[in-house]
Amino acid sequence: MSTSTAATAVGIHDLSFATTEFVLPHTALAEHNGTPVGKYHVGIGQRSMSVPAADEDIVTLGAAAAAPVVARHGADGIRTLVFATESSIDQAKAAGVYVHSLLGLPSATRVVELKQACYGATAALQFALGLIHRDPSQKVLVVASDVSRYELDSPGEATQGAAAVAMLVTADPALVRIEEPSGLFTADVMDFWRPNYRDAALVDGQESIGAYLQAVRGTWKDYGEQGGRPLEAFSAFCYHQPFTRMAYKAHRHLLNSAGYDTDEAAVQGALGLTTAYNEVIGNSYTASVYLGLAALLDQAEDLGGRAVGFLSYGSGSVAEFFAGTVAPGYRAHLRTAQHRAAVERRRPIGYARYRELHGASLPTDGGDHPSPEETTGPFRLAGINGHKRRYEKR
Ligand code: HMG
């Protein structure tokens with residue numbers, strides 16, 4: 001074990017994402033419900049959403065995101081795996097334990113699941129940074145994985161999606177050094193929630209947008225009070241993107257409440273590259289803000305040495321604003337081709353098939369129920385037997 005010093009740079013050393021087997025274009029949803037497609041493409045800024053196959057879930061997605069990270073760096077030094085999700089599959093056992101097993105990580109690992117709506121991955125990242133400050137020789141694998149589900153034929157239906165992001169958090173990171181301070185905000189609001197007995201979230205759409213904006217104001221105020229950077233120090237901003245237009249609403253709100261003009265070219269410059277993955281994947285809850293980072297790093301000209309702002313929002317609500325400095329030379333460590341392939345390999349499905357998948361749920365009778373073999377991904381949910389999920393590595 002080595003000892004941390006105040007100067008230890010800690011942050012994201014590697015980032016990899018995975019998404020589902022299927023994709024539903026918003027044109028199909030618009031055709032089904034008679035909505036002008038402009039409402040989706042322009043109004044909320046979404047073009048398609050990832051739909052899990054019957055043999056995919058947060059574990060298979062999380063393992064698929066994390067496997068390339070472990071393949072590149074090995075498991076040495078990974079002593080903690082934090083799994084962030086709000087679409088948990090078990091009230092007791094952490095989904096990360098299945099991922100730990102599928103990845104063949106050593107038994108000398110602590111594994112835990114964290115929840116606070118879409119904010120969970122940022123909590124996981126902050127916990128990881130704390131552990132590494134304590135012992136910079138350790139690495140923490142953060143996995144954020146979610147399947148977003150709203151009721152069929154509800155306004156939220158157009159803002160579903162699914163994906164997982166895996167981040168290896170280390171000292172002297174190759175991608176992004178995460179800085180202190182953070183701006184924090186918590187408010188007890190019922191904008192979006194999912195009681196334990198429900199598969200789909202309950203949401204008050206307009207209230208949730210207002211609650212998000214209130215949290216933007218609150219985190220930025222606290223960030224300033226804690227001695228954070230001025231707004232003009234940032235080259236780009238990665239927001240939680242339940243739908244990509246929300247990032248624009250949030251950034252304009254931040255600028256207004258901080259007393260800046262909302263020059264549209266500047267807003268576009270600050271956000272434009274962060275939405276590419278989210279607009280075709282949809283809301284991936286905990287993973288969303290880090291898909292924004294992936295899109296930014298994969299597409300931008302050299303950002304080495306530049307500051308990026310992160311705004312993580314989780315309904316209910318908890319939010320955090322923090323800064324990261326992009327590491328010089330980061331471009332050699334990106335997974336741009338893998339990320340594009342993850343998006344492009346999805347098979348388009350029609351509305352009827354999507355509706356069938358949406359309505360399906362695992363049998364609860366304790367019997368032996370193999371899953372239909374649908375996914376072509378590296379891991380699959382093989383079935384459920386005696387109330388136990390069985391996973392397979394391909
Ligand atoms: P809605 O109420 O049906 O839509 O659902 P709307 O009427 O507000 O229209 C949306 C936008 O499209 C509007 O633009 C319209 O003008 C525009 P805005 O006024 O907002 O700028 N529009 C059009 N534009 C072009 N051509 C057209 C057209 N028609 C309309 N023809 C809503 C929208 C987001 C409320 C709904 O999808 C929903 O409830 N989604 C789920 C909740 C959500 O995503 N909330 C976001 C904030 S909360 C959050 O981020 C946390 C979350 O991720 C959960 C977590 O933390 O775990 C959700």
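Two strands are said to pair if DSSP finds at least two bridges between them. In this predicted model, L15 stands opposite M167 in strand β7, and that position belongs to a longer pairing, since β1 (residues 10–19) and β7 (residues 161–171) run in the antiparallel sense over nine bridges. Strand β1 is also joined to β8, again antiparallel, by two bridges, and within that pairing the partner of G11 in β8 is R177. Nine of the ten residues of β1 are buried, so the strand is largely enclosed by the rest of the structure.

**The nonpolar cores**

The largest nonpolar core has 52 residues, and those with the most contacts inside it are I12, F17 and V169. Leaving aside neighbours within four places in sequence, F17 is in contact with A65, A164, V165, Y277, I281, L291, A294, Q338, H339, A342 and V343. Apart from this core lies another, of 46 residues, which includes L29, A158, A187 and F321. In soluble globular proteins, nonpolar side chains tend to be buried together.

Two of the residues that F17 touches, L291 and A294, are listed among the buried residues of helix α10, together with S288, V289, Y290, G292, L293, A295, L296, L297 and D298. Eleven of the twelve residues of α10 are buried, so this helix, too, is largely enclosed by the rest of the structure.

**Two helices and their spans**

The table sets out the lengths of α6 and α10, with the distance from the first C-alpha to the last.

| Helix | Residues | Number of residues | Span | Expected span |
|---|---|---|---|---|
| α6 | 205–225 | 21 | 31 Å | 30 Å |
| α10 | 288–299 | twelve | 17 Å | 16 Å |

In α6 the span is close to the expected one, and the same description holds for α10. The buried residues of α6 are S208, I209, A211, Y212, L213, A215, V216, G218, T219, W220, D222 and Y223. These buried residues pack against β8 (176–186), β10 (202–203), β11 (234–239), α7 (244–257), β12 (307–314) and β13 (318–326). After α6 comes G227, whose phi is positive, near 90 degrees.

**A parallel pair with a helix between**

Strand β4 (residues 78–84) and strand β5 (residues 110–114) run parallel and are joined by five bridges, and F83 has E113 in β5 as its bridge partner. Together with helix α4 (residues 95–103), these two strands make a right-handed β-α-β unit.

**Buried residues in loops and in a helix**

T375 is found in the loop between β15 (368–370) and β16 (379–385). Why does T375 count as buried? Its relative accessible area is 2%, and the cut-off for a buried residue is under 20%. The side chains of T375 and E56 are joined by a polar contact of 3.0 Å. Not counting residues up to four places away in sequence, T375 touches E21, A53, D55, E56, R345, R380 and R394.

V267 has its place in helix α8 (residues 264–271) and counts as buried, at 1% relative accessibility. With residues up to four places away in sequence not counted, V267 touches Y248, H251, R252, L255 and G272.

A187, already named as a member of the core of 46 residues, lies in the loop between β8 and β9 (192–193), and its relative accessible area of 15% makes it buried. Beyond its neighbours within four places in sequence, A187 is in contact with G316 and S317. A187 and Q214 are 27 residues apart in sequence, and their C-alpha atoms are 9.2 Å apart in space.

**Backbone features**

The peptide bond from G316 to S317 is cis, with omega near 0 degrees, and S317 lies in the loop between β12 and β13. A cis peptide bond also joins E180 and P181, with omega about 0 degrees, and P181 lies in strand β8.

Positive phi values occur in residues other than glycine as well. A117, in the loop between β5 and α5 (120–134), has a phi near 45 degrees, and D172, in the loop between β7 and β8, has a phi near 50 degrees. Are these residues buried or exposed? A117 is buried, with a relative accessible area of 11%, whereas D172 counts as exposed, at 57% relative accessibility.

Terms used:
Residues numbered from 1 in each chain as written. Predicted model: local features only at pLDDT ≥ 70, side-chain atom pairs only at ≥ 80, totals over all residues. Heavy atoms only, no water. Core = buried A, V, L, I, M, F, W, Y, C linked by side-chain atoms within 4.5 Å. Buried < 20%, exposed > 50% of the residue type's maximum accessible area, 1.4 Å probe, protein only. Contact = heavy atoms within 4.5 Å. Helix = DSSP H or I, 4+ residues; strand = E, 2+ residues; numbered from the N terminus. Right-handed = clockwise from strand over helix to strand, strands pointing away. Expected span 1.5 Å × (residues − 1). Polar contact = N/O pair within 3.5 Å; in protein donor to acceptor, adjacent residues only side chain to side chain.
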